[in-house]
Amino acid sequence: MVEFTICFLMKGDQILLLNRDFPEWMGAWNGVGGKIEKDETPLVGALREIKEETGIVLQDIAFKGKITWTDGTTDYGCMYAFIAELPESYHYVTPIKVAEGILDWKDLSWIFHPKNVGIADLKYYLPKMLDETANYEYIFTYKDNKLIDVKSTPLVLTV
Ligand SMILES: Nc1nc2c([nH]c(=O)n2[C@H]2C[C@H](O)[C@@H](COP(=O)(O)OP(=O)(O)OP(=O)(O)O)O2)c(=O)[nH]1
């Protein structure tokens, strides 16, 4: 089972998103992150990917839940989600081209605009992660590569 991280670096009402040049989410705005390597904890993997993809070095970030992909019978992967608040004074000039794609600050109102077709599947879990202090597991059920259901269930997990 493949394990990934997804990280949302925030400054006020903006999130630093990555428009990837490569599949799976090629061309869509998404959080930064990647595969968790052997012997890494999700937290260590997340901090490494943030540094690799943005150059930003953080000591700690908040774990905000887990996304699991299933076909209803077998789980075939998961993703650990994190959120970090950068100080308002933090200076990170965008748009910037990096190896994986383009990074840019995006307003929450843009991210969650109902007409926004250029965004990854963040609408299914990010609002709850931003609004609630409790963590959840978000279970995405896919059939024939089509998302057919998303359910959330309370999660107590330390990463
Ligand atoms: N929003 C969303 N993001 C996803 C899903 N699946 C999935 O892998 N991602 C995220 C997790 C990672 O942050 C990113 C994929 O990272 P990646 O394949 O480039 O990982 P990597 O850089 O470690 O891989 P690589 O260099 O070894 O090819 O996309 C999904 O279903 N929804």
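Which pocket is the space taken by the ligand? Keep that in mind as you open this predicted model and start at the ligand: the space it takes is the largest pocket.

**Stop 1: the ligand and its neighbours**

Select the ligand, then show the residues around it. You should find 16 of them, with Thr5, Trp25, Lys35, Asp121 and Tyr125 coming nearest. Now colour this shell by class: eight residues are nonpolar, four are polar and four are charged. If you would like to see where the shell comes from, highlight strand S1, residues 2–11. Strand S1 gives the largest share of the shell, three residues.

**Stop 2: the backbone beside the ligand's oxygen atoms**

Next, select Gly33, Gly34 and Lys35, and display their backbone atoms. Begin with Lys35, where a backbone N or O atom lies 2.8 Å from an oxygen atom of the ligand. Move on to Gly34, which has a polar backbone atom 3.3 Å from a ligand oxygen. At Gly33, a backbone N or O atom is likewise placed 3.3 Å from an oxygen atom of the ligand. While you are here, switch on a surface: on its own the ligand has 650 Å² of accessible area, and the protein covers 73% of that.

**Stop 3: the largest pocket**

Hide the ligand and look at the space it takes, the largest pocket. The volume of this pocket is about 800 Å³. Its lining counts 26 residues, so to speak a longer selection; pick out Phe4, Pro23, Glu24, Trp25 and Trp69, which lie nearest the centre. Which elements each supply at least two residues of this lining? Select S1, helix H1 (42–54) and strand S5 (75–85) to see them. S1 makes the largest contribution, with four residues. Colouring the lining by class gives twelve nonpolar, seven polar and seven charged residues.

**Stop 4: the second largest pocket**

For the last stop, turn to the second largest pocket, which holds about 170 Å³ of space. Select its lining in pieces: Trp25 to begin with, then Ile111, Phe112, His113, Pro114 and Asn116, and finally Ile119, Ala120, Asp121, Lys123 and Tyr124. By class, this lining has seven nonpolar, two polar and two charged residues.

Before you close the viewer, go back to Trp25. This residue is among those nearest the ligand, is one of those nearest the centre of the largest pocket, and also lines the second largest pocket. Asp121 is worth a second click too: Asp121 is listed among the residues that come nearest the ligand, and it appears in the lining of the second largest pocket.

Methods. Residues are numbered from 1 along each chain as its sequence is written. This is a predicted model: local features need pLDDT of at least 70, side-chain atom pairs count only at pLDDT 80 or more; totals for chains, interfaces and linings use all residues. Side-chain values use heavy atoms; hydrogens and water are left out. A residue is near a molecule or strand if one of its heavy atoms lies within 4 Å of it. A polar contact is a pair of N or O atoms within 3.5 Å; within protein, one must be able to donate a hydrogen and the other to accept it, and residues adjacent in sequence count only if both atoms are side-chain atoms. Accessible areas come from the Shrake-Rupley method with a 1.4 Å probe; for residues, only the protein chains shown count as cover. On a 1 Å grid over the protein atoms alone, a cavity is a set of points where a 1.4 Å probe fits but cannot get out, and a pocket is an open set with protein on both sides within 12 Å along at least five of seven lines; lining residues have an atom within 4 Å of a point. A molecule sits in a cavity or pocket if more than half of its atoms lie within 2 Å of its grid points. Ala, Val, Leu, Ile, Met, Phe, Trp, Tyr, Cys and Pro count as nonpolar, Asp, Glu, Lys and Arg as charged, and the others, Gly among them, as polar. Grid points are joined across faces, edges and corners, and a volume is the space filled by probe spheres set on the points.
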